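Dear colleague,

I am passing on the structure we spoke of, and my notes on what was found in it follow below. Please read them with the coordinates open beside you.

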Amino acid sequence: MSVRNATPHTLPDMTTVALAVTDGMLHFELALACEVFGAGVSGPDGSWYRLSICGPGAVRAGRFRLEPDHGLDRLAGADTVIVPGWADIDRDPPAGLVDAVRAAHEAGARVASLCTGAFVLAAAGLLDGRRATTHWAHTGELARRHPRVRVDPDVLYVDEGKVLTSAGKAAAMDLCLHLVRLDHGSSVANTLARRLVVPPHRDGGQAQFVTTPVPAPDNHPLAALFPWVMQRLDRPLTVEDLARRAGMSSRNLGRHFKSVTGTSPLKWLLTQRIRHAQVLLETTDDTVDAIATATGMGTATTLRRHFHRTVGVPPDAYRRTFRSRGRDGTRT
């Protein structure tokens, strides 16, 4: 996963979301985006997205026939444009779609692709010089066809600010929830994730899914370790502490972490501390010093350094943007 250089946005600056569709789009990613951005939940200020579907006319997505709300020219007026997966990567995407996506980006829209939708963004030149990803089975082809794109095959999604790409299939949900988190904060993204019965945040990258099945929640060697760690984030845990709890050597622990999460024990632990800090910043009046203690960061200086590097803004700025409000509109 990549969250660096991700700059949080505040609504209503990012209120309109347009899905770009033509014949040949993958219906799974299309339906997933509709479910997330058309969910009808509310952010801290009571707002949500205005979702529209833009296409050249009635289109086919798998076995489904879709009637767009507007033409592709309306993409340029959206705040965020989502390009679902492109089914036939051996065929160039329609020039009208490519031109409309490029025009939307030039007009200032945030553009995100889901799965093989990255081939549309690449054809529009939006990925040149940028880091990007797509379904693991097609990362090699994306790199071969578009050599100016820095293809990363191991992540669930990449956030390059105004241009974002996701890996295959279910990773589209990871990116969509990431966009909700940027716009509305972690609490709202977590609430939406619970409603959709999906994890609010997955660690690691798609490399963990290439050759091995996704482990069941209770069917891998670290199943009991994860909740134990989450209850002790305020403590200065070490790799040795985790290995001792898991009943294995530190080296063996590292191998299992790489297999299950796609990352190392310390990187995974740091991510959990940052996520917990985000929730505390949104939902409590605790000082940054107190949050540093509660998340096991030790000092406010350490928390600020890691938080800024990971989230893209300092803790105080994050709190001002995403502080939750109660039902009566007052700060909670």
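A word on terms before the helix pair: the axes meant here are lines fitted to C-alpha atoms, for helices over the stretch in contact, and the angles run from 0 to 180 degrees between N-to-C directions. Please also keep in mind throughout that this is a predicted model.

As to the overall picture, the protein chain has 13 helices and 10 strands, and buried residues make up 52% of its 332 residues. Among contacts between residues at least 6 apart in sequence, 66% join residues that are at least 24 apart.

The helix pair is α10, which covers residues 265–283, and α13, which covers residues 315–322; their axes come within 8 Å and cross at roughly 55 degrees. Angles from 65 to 115 degrees count as roughly perpendicular and those under 35 as roughly parallel, and α10 and α13 are therefore oblique to each other. The crossing of α10 and α13 is right-handed. On the α10 side the contact is made by Q278, L280, L281 and E282, and on the α13 side by P315, Y318, R319 and F322. Sorted by class, this contact of α10 with α13 has five nonpolar residues, one polar residue and two charged ones.

A second point concerns V98, which lies in helix α2, residues 95–106. Is V98 buried or exposed? Its relative accessibility is 8%, and because buried means under 20%, V98 counts as buried. Leaving aside the neighbours within four places in sequence, V98 is in contact with P93, V120, A123 and A124. Of these partners, V120 is 22 residues from V98 in sequence, while the two C-alpha atoms are 6.1 Å apart in space.

Finally, the cysteines. How many disulfides does the model have? With a disulfide taken as a pair of cysteine sulfur atoms within 2.5 Å, the count comes to zero. For C176, the closest cysteine sulfur is that of C34, at 9.8 Å, which is too far for a bond. C176 also counts as buried, because its relative accessibility is 0%, and C54, at 1% relative accessibility, counts as buried as well.

If you look at one region before the others, I would suggest opening the view on the contact between α10 and α13, and then turning to V98 and its contacts in the model.

With best wishes

Methods:
Residues are numbered from 1 along each chain as its sequence is written. This is a predicted model: local features need pLDDT of at least 70, side-chain atom pairs count only at pLDDT 80 or more; totals for chains, interfaces and linings use all residues. Side-chain values use heavy atoms; hydrogens and water are left out. Helices (H or I, at least four residues) and strands (E, at least two) are DSSP runs, numbered from the N terminus. Angles under 35 degrees count as roughly parallel, over 145 as roughly antiparallel, 65 to 115 as roughly perpendicular and the rest as oblique. A crossing is left-handed if the near helix is turned anticlockwise from the far one by less than a right angle, and right-handed if clockwise. Contact means heavy atoms within 4.5 Å. Ala, Val, Leu, Ile, Met, Phe, Trp, Tyr, Cys and Pro count as nonpolar, Asp, Glu, Lys and Arg as charged, and the others, Gly among them, as polar. Buried means under 20% relative accessible area, exposed over 50%, partly exposed in between (1.4 Å probe, protein chains only).
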